[in-house]
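Visitor: Got a minute to go through this one with me? I'd like to talk about cavities and rings.
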Amino acid sequence: MEDALEPEKKRTRGLGTTTKIATSRPRAPVLTTVPPTQGQTAAPKVPKKTGPRCSTAVATVLKNQKPGPAVPAQKPSTAAAPPMVGGKKPGKRPAWDLKGQLCDLNAELKCCRERTQMLAQENQQLRDQLREAQQQATALGAERRTLEEELARVRTQAEQGQQELGNLSARVLELEERLGTQEGLVQELQKEQLGLQEERRGLAARLEEQERRLQASEAALSGSQAEVASLQQKTAAQEALLAERDERLHGLEMERRRLHNQLQELKGNIRVFCRVRPVLPGESTPPPGFLLFPPGPGGPSDPPTRLSLFRSDERRGTLSGAPAPITRHDFSFDRVFPPGSGQDEVFEEISMLVQSALDGYPVCIFAYGQTGSGKTFTMEGGPGGDTQMEGLIPRALRHLFSVAQELSGQGWTYSFVASYVEIYNETVRDLLATGTRKGQVGECEIRRAGPGSEELTVTNARYVPVSCEKEVEALLHLARQNRAVARTAQNERSSRSHSVFQLQISGEHTGRGLQCGAPLSLVDLAGSERLDPGLALGPGERERLRETQAINSSLSTLGLVIMALSNKESHVPYRNSKLTYLLQNSLGGSAKMLMFVNISPLEENVSESLNSLRFASKVNQCVIGTAQANRK
């Protein structure tokens, strides 16, 4: 029996303990009265800082809780309490009163069962409350997570707001700085505006003044328009008069050219000038009366045209030793230049002839004479660059450039092309050659410019356009270096070749369709001395002899050509010499020719001087037909 009741006692003790725990708690909501049991998860803690939504949820849970039934607090006992007798607790039954003990136990068992049933009901209520609390906790957990997510989002938004706040603060600072700058600019603009307003007022005043002046100008304009109309009529009349005068000027220019050419023809298409060079330092002075220059036909005021040379004839001396008689030789030319004549005086006499070349007439000027008589000085001038010593070539080109510039105002345009060659031993050389072609022989030949053309050109020779004096000076300097010279008994620097400077002149008047062109040839001939006086000494004797023979042959051919032209012969021997062949277009009937015969003032050169003067006299007696201008 006791063994059967032992488990029941244990259960009773367990229930008593549970009852004690349960009855010892006060009546309160489940969340505060139910302790966590083993195997159950404690409800999640609610954050301390909760928003309005969290407070509302907790209040809702507390509202839904129902208070459980009140359970009287009782202490469990091991046996039923004996009935009280006279208000006193009965004593313990004796051991032999088993029935009484059994009754007590049954009564106690019944009481325990009732209490167990009551506790089971209360436990079930507590379980229902726990389940409801767990559901509420789950809902609160989900709501907490939602709130946490919202809190994280709010924090993120707060961080973004802080960042935006920082950016906005920097932007505010920047805008404040820009505002300060703009304020400074505004102040400057205000100052400028004040200045502009002041200027506007000034301009307004000026505008008013200008308007008043404009009104006055308009009034004057109306009066000027009538005057302009009158001036236009006068201008038209002036233009007509100008065109008439231009036509008249052109006619006068043509008349001037005709009269100029007629004047030159009256002077002769072949003219001879004689020039006597002065005595140079170191030379013996000739005896008085050796050379005389009688005055011109009009008296001492006219330039001399005659020359008298006195020579003693030693062949007619007597055995008695009496002095040989003196023979007088008289010569007459178009002009004679005594030793004191300067280069400017010489050029002044031929400037009109140079003008004929610009008018379209071929012109050729020779310098003839023995070596050392001043031919090169006459044509090219002296060294040193002194303008007073310049020869005919630089002076002639300066004159041509100047006149061409003047004629440009009348509608004429001119171009000039220069060439400079020498004829040495019947071989043509280019004096303007440079580089590898310098000094080469046999490359230059005289050829026709084209089939049926009368113009002659030198192949492989340089033809250089020139337009100013400096270009001409450079060409003369180059030619002077390239020219063949050699020492002879007559001159230490003797020219042993004929140098031919040719300037092709081309003019055009586009307004009237007129063209003209002609060559100007300036020739410095080689020394004309005979063989014995000019014979060189030394190992080059044969070469000097051949040079002298070639020079004298070409000079003789030049004389024959001039005589044939004067006699109107059908055949003119131009091709007998390279010199005459090259110059044939400047020697014919349509050309004007001038020869300078240069002689020495020394008595020792009287024989060569007489030969030169006699040759020049023959040329002076020749007459060539009327010249014709080369016009198109």
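Guide: Sure. One bit of vocabulary before we start: Ala, Val, Leu, Ile, Met, Phe, Trp, Tyr, Cys and Pro count as nonpolar, Asp, Glu, Lys and Arg as charged, and the others, Gly among them, as polar. Also keep in mind that this is a predicted model.

Visitor: OK, so what classes of residue line the largest cavity?
Guide: The lining has 4 nonpolar, 4 polar and 3 charged residues. Among them are Glu426, Arg496 and Glu547, along with Ile423, Tyr424 and His498.

Visitor: How much space lies in there?
Guide: About 60 Å³. Searching the whole structure turns up 3 cavities of 30 Å³ or more.

Visitor: Which elements give two or more residues to that lining?
Guide: Strand 7 (412-424) and helix 10 (541-566). Helix 10 gives the largest share, with 4 residues.

Visitor: Switching to rings: how many aromatic pairs are there?
Guide: The structure has 8. One of them is Trp412 with Tyr414, a stacked pair at 6.0 Å centre to centre and 25° between the planes.

Visitor: Why does that one count as stacked?
Guide: Because planes under 30 degrees apart count as stacked, and here the angle is 25°.

Visitor: And are Trp412 and Tyr414 buried or exposed?
Guide: Both are buried.

Visitor: Which residues form an aromatic cluster?
Guide: Phe273, Phe337 and Phe596 make up one.

Visitor: Last one: what sits over the ring of Tyr361?
Guide: That's the charged end of Lys592, 5.1 Å from the ring centre.

Note on methods: Residues numbered from 1 in each chain as written. Predicted model: local features only at pLDDT ≥ 70, side-chain atom pairs only at ≥ 80, totals over all residues. Heavy atoms only, no water. Phe/Tyr/Trp six-rings, centres within 6.5 Å; stacked < 30°, edge-to-face > 60°. Buried < 20%, exposed > 50% of the residue type's maximum accessible area, 1.4 Å probe, protein only. Lys NZ or Arg CZ within 6 Å of the ring centre and 35° of its normal. 1 Å grid on protein atoms, 1.4 Å probe; cavity = no way out; pocket = protein on both sides within 12 Å on 5 of 7 lines; lining within 4 Å. Points joined across faces, edges and corners; volume = space filled by probe spheres on them.
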